[in-house]
Amino acid sequence: MSNVSDNRRMALEIENLVVEYRTHEGTVHALNGLDLYIEKGKTLGLVGETGAGKTTAGLSVLRLVPDPPGVIVDGAIKLNGETIFDKTDKEMESIRGKAVSMIFQDPMTSLNPVFTVEDQIAEVIERHEQLTKEESYVKAREMLELVGIPGTRGGEYPHQFSGGMKQRVVIAIALACSPSVLIADEPTTALDVTIQAQVLEMMKGLREKYDTSMLMITHDLGIVAEICDSVSVIYAGRVIEHGDLEDVFDNTRHPYTEGLFNSLPNLQDRQSRLKPIQGLMPDPRDLPTGCPFHPRCDYAKDICSKERPPKTYRNERHYVECHLYNSENIVEGKVINR
Ligand code: SF4
């Protein structure tokens, strides 16, 4: 499944996942053979532009791709070694929140405005743990304290909290039953920068406390540098470069990853202009043939529009899907210079 031999160390493995949304306007090819894995206790950053398939990947792990119009056409997902596509709907209900939880970008999509925050945390605890109602409320208040909110505020409603505090409540709900895998979908994008940093710092601490493996879905390479152990760069529903953080950041190989780095502001050199990646993400209803990045790529050659590039490994964990590389030149031969 992955290039790492000991699969027992894997918290999450996704292999060749193909997901489509079949709409009146045509078939949206959201994921096109996605491979992804997270080792136990580690954090993987799934990075890419809007529309690359990041959220669909997260929803697939919870088996929450809306059906219809979503269809899982092919592939496998294993959570702690168990295949989730074999589970009944009832089994999935107990897996969600207990084995795997998801935090969404907008806390208001996760919080119910008519219940107090402690009601909402306690409800999850009661559903998954052998605790009485009273014990669940005690634990709910403890969870609030853990995310930096006084337990005495548990009886308040979501609208009485700021955006950052609401996201802390959502994190408390997600971690209430100590899930082994936490999927965080742009969890700080809706927050202002100082609050973002606080929430990220808190997530780092909690991840260590609970030994949680995390899938951090983001478009922000700064967040990846801050919190992730490894990185998967996604483009048009496929991982086109994957590796440990240092490999992807210091030995970038794929032109798209290169473009993501070049479009970051350089604080040391304020005179230099940002270089956004030319062109737009392809229409997922009509993806280009061959390498899906070829219409935007400065290095494209003939083969790029004809054949999808295979994975070429630079080391046991770092690979790239790009025709510029073969097993000889990928290690030291930097075809692209940063
Ligand atoms: Fe560019 Fe070709 Fe590599 Fe795709 S395969 S990223 S088009 S060089």
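Student: What makes E1 and strand E2 joined?

Tutor: Eleven bridges join E1 to E2 (residues 26-39). Strands pair if DSSP finds at least two bridges between them, so E1 and E2 count as paired. The two run antiparallel. One bridge sets Leu-12 against Ile-38 in E2. A hairpin of two residues links the strands.

Student: What should I know about the model itself?

Tutor: This is a predicted model, in which local features need pLDDT of at least 70 and side-chain atom pairs count only at pLDDT 80 or more, while totals for chains, interfaces and linings use all residues. Residues are numbered from 1 along each chain as its sequence is written, and side-chain values use heavy atoms, with hydrogens and water left out.

Student: What makes E1 a strand?

Tutor: Strands are DSSP runs of E, at least two residues long, numbered from the N terminus; helices are runs of H or I, at least four. E1 covers residues 10-23 and has 14 residues, so it meets the strand rule.

Student: Why is E1 called largely enclosed?

Tutor: Ten of its 14 residues are buried, so the rest of the structure largely encloses E1. Buried means under 20% relative accessible area, exposed over 50%, partly exposed in between (1.4 Å probe, protein chains only).

Student: Which strands are called the edge strands of the sheet?

Tutor: The open sheet has four strands in the order E2-E1-E4-E5, with antiparallel pairing. E2 and E5 (82-83) are the edges, as each pairs on one side only. E1 also has eight bridges to E4 (residues 70-79). In one of them, Val-18 partners Asp-74.

Student: How do you know that H1 is mostly covered?

Tutor: Seven of the eight residues of H1 are buried. Among them are Ala-57, Leu-59 and Val-61. H1 (residues 54-61) lies across E1, E2 and E4, at about 115° to E1. Such angles run from 0 to 180 degrees between N-to-C directions, with axes fitted to C-alpha atoms, for helices over the stretch in contact. Contact means heavy atoms within 4.5 Å.

Student: Why do Lys-98 and Glu-129 count as a salt bridge?

Tutor: The rule asks for a side-chain nitrogen of Lys or Arg within 4 Å of a carboxyl oxygen of Asp or Glu. Lys-98 and Glu-129 stand at 3.2 Å, N to O, so the pair passes.

Student: How many salt bridges cross the interface of domain 1 and domain 2?

Tutor: The rule finds one. Domain 1 is 2-99 + 179-332, and domain 2 is 100-178. These bounds come from an automatic or database domain assignment.
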